[in-house]
Amino acid sequence: MATSNSSDSSASAEVPAPYGSGPGTPAAAAPKPAKVRIHHLQQAKRDGTRFAMLTAYEQYTAEIFDAAGIEVLLVGDSASNNVFGNETSLPVTVDELLPLCRAVARSAKRAMVVADLPFGSYEVSAGQAVATGVRFLKEGLAHAVKIEGSAYYAPTVRAMVQAGIPVMAHIGFTPQSEHALGGYRVQGRGDDARRLIDDARALAAAGAFCVLMEMVPADTAAAVDAAVDVPTIGIGAGNATTGQVLVWQDMAGLRGGRMAKFVRQYADLRTTLLDAATAYGEDVRSGQFPGPEHSF
């Protein structure tokens, strides 16, 4: 997905920040890479091009994925499962996610950084959602936030957007509602497709800049994508969406166990790290490490 040379005036070249860029930055420093912005994702939707999104929770993966050209990094509440060792996304808190978000935002030079609002941090009221969103932009340095929910949350999205908080909406299977949904179940089958279309339209009309769909039949996701002007992102939602997202530990083969049907593994980091740690342990126990070349 290109981030420049667009005929759309809203996607014209970005000018340097007029208020400076922090202490100690030389005026003649090398130009920073162009950041991915909301209008770039919108342009991808209009042009029929695609963009990629991965989760990231700390500096090294953020830096690597950014260098690889991944357009959007999600500091997901999936950190609950993939960082903190919980069985579900429900236990993770705002205070646990904020440091992860800061690390990712500080390390990514080009990618847009989106932060999940965790369960319990936005459902009480629009005011609560605005307050939590502000924390993620101010303290977490995120560029946007993501919330799960149906058309019911359209007023919440509207309040957040009016407060200056860009919002990505998440519909279909919403992990924070797994108990209400009866477990991990595909959403939007058959007649239920109309509900997801209505949800997407309401959330986009409220100002959501993007709609993410999880575990939705491909034909339903295609219908949702056709029904809204904003870009869509899929995870287990077929190939008609503008973008795709995966949890990086799934994508890179770090996590063990059974994988969801929609996951494609592009590496086997679990085996690589297991072999490396095994070899290191054997070398330490045998006295081969450290050798003379590793000593002062």
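Q: Why are strand 1 (residues 51-55) and strand 2 (residues 72-75) said to pair?
A: In this predicted model, strand 1 and strand 2 are joined in the parallel sense by 3 bridges. Pairing requires at least two bridges, so strand 1 and strand 2 count as paired.

Q: Which residue of strand 2 stands opposite Leu54?
A: Leu73 takes that position.

Q: What makes the 8 strands a barrel?
A: The strands close in the order 1-2-3-4-5-6-7-8, with parallel pairing. From one strand to the next, the twist averages 25 degrees.

Q: How do you know that helix 8 (residues 193-205) packs on the sheet?
A: Helix 8 touches strand 5 (167-172) and strand 6 (210-214), and contact means heavy atoms within 4.5 Å. The direction of helix 8 makes about 170 degrees with that of strand 5. Angles over 145 count as roughly antiparallel, so helix 8 runs roughly antiparallel to strand 5.

Q: Why is helix 5 called oblique to helix 6?
A: The axes of helix 5 (residues 126-138) and helix 6 (residues 154-162) cross at roughly 45 degrees and come within 9 Å. An angle under 35 degrees would count as roughly parallel, and one of 65 to 115 as roughly perpendicular. The crossing angle of roughly 45 degrees falls in neither range, and helix 5 is therefore oblique to helix 6. The crossing is right-handed.

Q: Which residues make the contact of helix 5 with helix 6, and how do they divide?
A: Helix 5 contributes Ala126, Ala129, Val130 and Gly133, which meet Thr156, Ala159 and Met160 of helix 6. These residues divide into 5 nonpolar, 2 polar and no charged.

Definitions and conventions
Residues numbered from 1 in each chain as written. Predicted model: local features only at pLDDT ≥ 70, side-chain atom pairs only at ≥ 80, totals over all residues. Heavy atoms only, no water. Axes fitted to C-alpha atoms, helices over the stretch in contact; angles between N-to-C directions. Helix = DSSP H or I, 4+ residues; strand = E, 2+ residues; numbered from the N terminus. Left-handed = near helix turned anticlockwise from the far one by under 90°. Nonpolar A, V, L, I, M, F, W, Y, C, P; charged D, E, K, R; others polar.
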